[in-house]
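Visitor: Hi, could you walk me through this one? I'd like to start with the ligand and then look at the fold.
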Amino acid sequence: MQSGSSCKSTLPSQLAELWDLRSDVTYLNHGSFGLTPKGVLASQAKLRAELASDPVDFLCRRYQPYLDDALARLAQFVGTSPANLVFVDNATTGMNAAAVSLPLEPGDEVIVGDHEYGAVARLWRQTAERQGAIVHTPRIRAPIESVDEVVAAILAPLGPRTRVLVVSHVTSATAVVFPLTTIVDEARRRNRANGDSPLWTVVDGPHALVPVPLAIDQLDVDFYTASCHKWLSAPIGSGFLYVNPRVQSRVRPAVTSWGTMPADKAVNWQGEFHWPGTRDPSAWLSVPAAIDLIEAVGLERFRRETHELARYARERMIDRLGAEPLTPDSPDWYGSMVAVILPEPGPSAPPTEQATRRARAWQDALWEQAGIEVPLNVWGGRTLLRVSCHLYNRSDQIDLLVATLARVLKSG
Ligand SMILES: Cc1ncc(COP(=O)(O)O)c(C=O)c1O
């Protein structure tokens, strides 16, 4: 069986039919946890049945050829060679592998800007602390106005002791498409011009995979990790880590196992990742099914339609709620997901802890009153609403969100 082949079916006229959606839920949070389409789940179920019917045959004989196929498909999709890629369970696991692989000396410095994902910032703070290194968290002013301002802010702490630059391709709470190529190229240029020790660039990319064109080999980065269970809609538990050939020899996963499977094969950097002890690999092997589906829809169509809906959401939230945008209105700055700053009902913003409790209460009210799944986060002292738009979302769902939120905000 070619993993994922079952998904190349004809598309329904309503793309929402590809999913088994709950009729009582308006799901506007694909960015946190993607919904997996029925066809992709069927592909995974088939693999699981095969695994269950004879785990030895599956894991010891069939797993590697399936894995090779799946990796080749993913590599083509993200624009690199399969030799530079491994499957991981999620972006968190990929980021942890980068963190355990890069040796830091006391006094070395790491840059993790203030738009970076909370768990990523926490990981690098702990990693640095253990080794006596220092984390810089530059503040990138929002609303953002220009590429130059973002690049200047992120690279402000760059100096001779900077060893690691951690940067999102698309940020999490703020949903901003960062000018990744410019940031990375400028960081490298300054690092080389000053003759500093090597700088590792680590990209956190879960929200870029699908919404933003991606050709990893065209980026001069050391690591790029993403979760396939977000926008690609592969099953939960599928992600990847790209490692540039120049650093592959020093890379290892956070979990040590046999180094390869079967265990008598020569250990290689990919084998270290692909046998992290006994586990169900069906989510990884179903990634090609998810790619087939999104390619059948068409990447350009996906980007155009989901961005149009995100743009509609942004306009409505600004017009009806008095929300403030975080970026200029352009697909260069936001794609299928958009965040806005909600207006403060009171004279001033409450302290973060109180604002976080309030954001949670508003989020719960949206769920309880109208079955809406959408995240509200407190970031930089402000309360942000983030709306994810996938192929099953519609403008009337945005209208429902805006009308319900207006009522919730009014009632405090
Ligand atoms: C920017 C960013 N990085 C990393 C992650 C972690 O993804 P996962 O939970 O799939 O590991 C998230 C999750 O929302 C994210 O938004």
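Guide: Happy to. One definition before we begin: Ala, Val, Leu, Ile, Met, Phe, Trp, Tyr, Cys and Pro count as nonpolar, Asp, Glu, Lys and Arg as charged, and the others, Gly among them, as polar. Please also keep in mind that this is a predicted model.

Visitor: Thanks. With that in hand, how do the residues of the shell around the ligand divide into nonpolar, polar and charged?
Guide: The shell has 4 nonpolar, 7 polar and 1 charged residue.

Visitor: And which residues surround the ligand?
Guide: They are Ser32, Asn90, Ala91, Thr92, Tyr117, Val120, Ser168, Ser172, Asp204, Pro206, His207 and Ser227.

Visitor: Let's switch to the strands. What is their order in the open sheet?
Guide: The order is β9-β10-β13-β12, 4 strands with antiparallel pairing. β9 (324–325) and β12 (376–379) each have a single partner strand, so they stand at the edges with one side lacking a neighbour in the sheet.

Visitor: How many bridges join β12 to β13?
Guide: There are 4, and the two strands run antiparallel, with β13 covering residues 382–388. As an example, asparagine 377 has leucine 384 in β13 as its bridge partner.

Visitor: Which strands does helix α10 touch?
Guide: Helix α10 (residues 299–321) packs on the sheet and touches β9, β10 (337–341) and β13. Its direction makes about 15° with that of β10. There is also helix α11 (residues 352–370), which lies across β12 and β13 and runs at about 165° to β12.

Visitor: Now helix against helix. At what angle do α11 and α12 pack?
Guide: The angle is about 120°, with the axes 10 Å apart; α12 spans residues 395–410. That angle makes α11 oblique to α12, and α11 passes α12 in a right-handed crossing.

Visitor: Which residues meet there, α11 to α12?
Guide: From α11 you have Trp362, Ala365, Leu366, Gln369 and Ala370, and they meet Leu400, Thr404, Leu405 and Val408 of α12. This contact divides into 7 nonpolar, 2 polar and no charged residues.

Visitor: One last pair: how do the axes of α1 and α9 cross?
Guide: Helix α1 (residues 38–53) and helix α9 (residues 287–297) have axes that come within 9 Å and cross at roughly 155°. The two are therefore roughly antiparallel to each other. Gly39, Val40 and Ser43 in α1 meet Ala289, Ala290 and Leu293 in α9, a contact of 4 nonpolar, 2 polar and no charged residues.

Definitions and conventions: Residues are numbered from 1 along each chain as its sequence is written. This is a predicted model: local features need pLDDT of at least 70, side-chain atom pairs count only at pLDDT 80 or more; totals for chains, interfaces and linings use all residues. A residue is near a molecule or strand if its C-beta atom, placed from the backbone, lies within 6 Å of it. Two strands pair if DSSP finds at least two bridges between them. Two residues are in contact if their C-beta atoms, placed from the backbone, lie within 7 Å. Axes are lines fitted to C-alpha atoms, for helices over the stretch in contact, and angles run from 0 to 180 degrees between N-to-C directions. Angles under 35 degrees count as roughly parallel, over 145 as roughly antiparallel, 65 to 115 as roughly perpendicular and the rest as oblique. A crossing is left-handed if the near helix is turned anticlockwise from the far one by less than a right angle, and right-handed if clockwise.
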